[in-house]
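Q: I have a structure to go through and would like to discuss it step by step. Could we begin with the loops and then move on to the rest?

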Amino acid sequence: MEQTKRLFFIYNPCSGRGQLRTKLFEILQVFSEAGYEMGIHPTRASRDAVEQIRSLPDGYDLVVCSGGDGTLNEVISGIMELKKTPALGYIPAGSTNDYAASLRLPKQVEKAARLAVEGKACPSDVGKFGEDRYFVYIAGFGAFTEVS
């Protein structure tokens, strides 16, 4: 008997001017065809993704997030608080998506969803500021710092 694969999909419905909403069915179809049982959560406020992932029960093999760089950062911050870290997939859907571009992730959400469930995992460095501030791409601090 094959063990059920579990995926938690967290997305920011406001990222990229809300265009992700029209692609949700296609994304979920990709996950379903790959044989995943899914948990799904749209973020509702700042830091919601951190709290949702931090309180995620054990047993998820894969977390896939969709949104912009900020959503990804929140999800990573939550994952770093878990005892057992699941693999992470990213479907870029923000306005800029600098980190996704640096990884050469597809801009088309269906292709990015397919890569999240079929692609090969690769390790990534995660930096930390203070007690609970994580980053993977860029960090800025100071009185007059502005980071795009």
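**Loops, sheet and voids**

A: Arg 17 counts as exposed, because its relative accessibility is 70%. Please bear in mind that this is a predicted model.

Q: Where is Arg 17 found?

A: Arg 17 belongs to the loop between strand 1 and helix 1, the latter covering residues 24-33. The phi angle of Arg 17 is near 60°, a positive value in a residue other than glycine.

Q: Why mention the sign?

A: Most residues other than glycine have a negative phi. Arg 47 also departs from that, with phi near 70°, a positive value.

Q: Which loop holds Arg 47, and is Arg 47 buried, exposed or partly exposed?

A: Arg 47 lies in the loop between strand 2 and helix 2. Its relative accessible area is 27%, so Arg 47 is partly exposed; the class runs from the 20% limit for buried to the 50% limit for exposed.

Q: Let us turn to the sheet. In what order do the strands come?

A: Four strands form an open sheet in the order 2-1-3-4, and the pairing is parallel. Strand 2 (36-42) and strand 4 are at the edges with a single partner strand each, so one side of each has no neighbour in the sheet. From one strand to the next, the twist averages 20°.

Q: How many bridges join strand 1 to strand 2?

A: Seven bridges join these two parallel strands. One pairing is that of Lys 5 with Tyr 36, the latter in strand 2.

Q: What about strand 3 and its pairings?

A: Strand 3 pairs with strand 1 in the parallel sense over five bridges, and Phe 9 stands opposite Val 64 of strand 3. Strand 3 also pairs with strand 4, again in the parallel sense, over six bridges. Here Cys 65 stands opposite Tyr 90, which is in strand 4.

Q: How many residues of strand 3 are buried?

A: Six of its six residues are buried. Both faces are covered: Leu 62, Val 64 and Ser 66 are buried on one side, and Val 63, Cys 65 and Gly 67 on the other.

Q: Which strands of the sheet does helix 3 touch?

A: Helix 3 packs on the sheet and touches strand 1, strand 3 and strand 4. The direction of helix 3 makes about 155° with that of strand 3.

Q: How many residues of helix 3 are buried, and which ones?

A: Helix 3 spans residues 69-79, and eight of its eleven residues are buried. These are Thr 71, Leu 72, Glu 74, Val 75, Ile 76, Ser 77, Gly 78 and Ile 79.

Q: What do the buried residues of helix 3 pack against?

A: They pack against strand 1 (5-11), strand 3 (62-67), strand 4 (87-92) and strand 6 (133-135), and also against helix 2 (48-54) and helix 4 (98-102).

Q: Now the voids. How much space lies in the largest pocket?

A: The largest pocket holds about 810 Å³ of space. It is lined by 26 residues, and those closest to its centre are Ala 87, Leu 88, Gly 89, Ala 121 and Cys 122.

Q: Which elements supply at least two residues of that lining?

A: Helix 3, strand 4 and helix 5 (109-118) each supply at least two.

Q: How does the lining of the largest pocket divide by residue class?

A: The lining of the largest pocket comprises 22 nonpolar residues, three polar and one charged.

Q: How many cavities of 30 Å³ or more are there?

A: The count comes to one cavity of that volume or more. About 80 Å³ of space lies in the largest cavity.

Q: Which residues line the largest cavity?

A: Its lining is made up of Leu 56, Pro 57, Asp 58, Gly 59, Tyr 60, Leu 82, Lys 84 and Pro 86. By class, five of the lining residues are nonpolar, one is polar and two are charged.

Q: Let us stay with Asp 58. Where is its place, and is Asp 58 buried or exposed?

A: Asp 58 sits in the loop between helix 2 and strand 3. With a relative accessibility of 66%, Asp 58 counts as exposed, although Asp 58 also helps to line the largest cavity.

Q: How are Asp 58 and Lys 84 placed relative to one another?

A: They are 26 residues apart along the chain, and their C-alpha atoms are separated by 7.5 Å. Lys 84 likewise belongs to the lining of the largest cavity.

How values were computed: Residues numbered from 1 in each chain as written. Predicted model: local features only at pLDDT ≥ 70, side-chain atom pairs only at ≥ 80, totals over all residues. Heavy atoms only, no water. 1 Å grid on protein atoms, 1.4 Å probe; cavity = no way out; pocket = protein on both sides within 12 Å on 5 of 7 lines; lining within 4 Å. Points joined across faces, edges and corners; volume = space filled by probe spheres on them. Nonpolar A, V, L, I, M, F, W, Y, C, P; charged D, E, K, R; others polar. Buried < 20%, exposed > 50% of the residue type's maximum accessible area, 1.4 Å probe, protein only. Contact = heavy atoms within 4.5 Å. Pairing = 2+ DSSP bridges. Axes fitted to C-alpha atoms, helices over the stretch in contact; angles between N-to-C directions.
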